[in-house]
Amino acid sequence: MTVKPIRLFGDPVLRTPAEPVVDFDKELRQLVADLTDTMLEAHGLGLAAPQLGVGLRVFTYHVDDEEPGHLINPQIMELSEQDQEGEEGCLSFPGLYFPTKRAWRVRARGFNMHGDLVTVEGTEMLSRCVQHEIDHLDGVLFIDRLDRETRKYAMKAIREAEWAGETPPTVKVSPHPTFGRAF
Ligand code: ZN
């Protein structure tokens, strides 16, 4: 069990596009294990490698009480035209949730840690999660997806958050329908 500290908003690694994985080796398997353990410990729905300070295109997910999964070098193949509304959070913004519009359904392709081609397909929370994590790999954060007014409100909440600046994070439980879980 390897739980690593999660990087918080303000850390430049979260704004740096990640590099594709080239070697499907033991180190990659360790990274997937670290991401999975840290995500589960934080009760997260997903976690991307840059959130652990690693600039590689890898993320893990754990949605709908299915087994945790992972995807390496993911590419979005299809997004539904139909959108979904809902609260979204991020483990790099502890305790903050904002209404974020996403495509209702997603189909993404990538590799597992053994180098096999895999497809992840889903709606609602899984779709939201896959879009959120692939954004992380491009240095894009969920606050970038907010409408103008919500973003203004979000930036104020972020400035006022206890973890802003040097203060270590505290875990809060959200009253919102994500049940305090984030990506
Ligand atoms: Zn996130």
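The 4 donor atoms around the zinc ion subtend angles of 98 to 133 degrees, and because of these angles the arrangement is tetrahedral. That metal site is a good place to start exploring this structure, which is a predicted model.

## The zinc site

Which residues hold the zinc ion? Three of the donors are side-chain atoms named SG of Cys90, NE2 of His132 and NE2 of His136, and Phe183 contributes its atom O, with distances to the metal of 2.0 to 2.3 Å. Along the chain, these donor residues follow the spacing C-x41-H-x3-H-x46-F. Cys90 sits in the loop between β5 (87-89) and β6 (97-99), while His136 belongs to helix α2 (residues 124-137), so this pair ties together parts that are 46 residues apart in sequence.

Is Cys90 buried or exposed? With a relative accessible area of 2%, Cys90 counts as buried, because the cut-off for that class is under 20%. His136 is buried as well. Around Cys90, leaving aside residues up to four places away in sequence, the contacts are Gln51, Leu96, His132, His136, Phe142, Ala182 and Phe183. Looking further along the chain, Leu45 is 45 residues from Cys90, and the C-alpha atoms of these two residues are separated by 9.2 Å.

## Cysteines without a bond

How many disulfides does the structure hold? The count is 0. Take Cys129: the closest cysteine sulfur to its own is that of Cys90, and the gap of 11 Å is too far for a bond. Cys129 has a relative accessibility of 0%, so this residue counts as buried.

## Strands β1, β2 and β3

Now turn to strand β2 (residues 58-61), which has neighbours to pair with. Strand β1 (residues 46-48) runs antiparallel to β2, and 3 bridges join them. Within that pairing, Ala48 has Phe59 of β2 as its bridge partner. β2 also runs antiparallel to β3, this time joined by 4 bridges, and here Thr60 stands opposite His70 in β3.

Both faces of β2 are covered: Val58 and Thr60 are buried on one side, and Phe59 and Tyr61 are buried on the other.

His70 deserves a visit of its own. This residue is part of strand β3 (residues 69-79), and its relative accessible area of 17% makes it buried. A polar atom of the His70 side chain lies 2.9 Å from the backbone nitrogen of Met113. Met113 also appears among the residues that His70 touches, together with Val32, Phe59, Thr60, Tyr61 and Asn112, not counting residues up to four places away in sequence.

## The β8–β9 hairpin

Strand β8 (residues 105-111) and strand β9 (residues 117-123) are antiparallel partners over 7 bridges. In this pairing, Val106 faces Gly122 of β9. The two strands form a hairpin with 5 residues between them, and Gly115 in the turn has a positive phi of about 90 degrees.

## Two loop residues

Thr100 and Glu81 both lie in loops, so where do they stand on accessibility? Thr100 is found in the loop between β6 and β7 (102-103), and with a relative accessible area of 0% it is buried. A polar atom of the Thr100 side chain lies 2.8 Å from the backbone oxygen of Phe98. Thr100 also touches several residues beyond four places away in sequence, including Gln84, Glu85, Gly86, Glu88 and Arg128. Others that Thr100 touches are Phe142, Arg145 and Leu146.

Glu81, in the loop between β3 and β4 (83-84), is exposed, with a relative accessibility of 82%. The C-alpha atom of Glu81 is separated by 18 Å from that of Val120, a residue 39 places away along the chain.

## Accessibility side by side

Here are the residues from this tour with their values.

| Residue | Relative accessible area | Class |
|---|---|---|
| Cys90 | 2% | buried |
| His70 | 17% | buried |
| Cys129 | 0% | buried |
| Thr100 | 0% | buried |
| Glu81 | 82% | exposed |

How values were computed
Residues numbered from 1 in each chain as written. Predicted model: local features only at pLDDT ≥ 70, side-chain atom pairs only at ≥ 80, totals over all residues. Heavy atoms only, no water. Donors = N, O, S within 2.8 Å, 3.2 Å for Na, K, Ca; no water. Tetrahedral: all angles 85-135°; square planar, octahedral: opposite > 155°, others 65-115°. Buried < 20%, exposed > 50% of the residue type's maximum accessible area, 1.4 Å probe, protein only. Pairing = 2+ DSSP bridges. Contact = heavy atoms within 4.5 Å. Polar contact = N/O pair within 3.5 Å; in protein donor to acceptor, adjacent residues only side chain to side chain. Disulfide = S-S within 2.5 Å.
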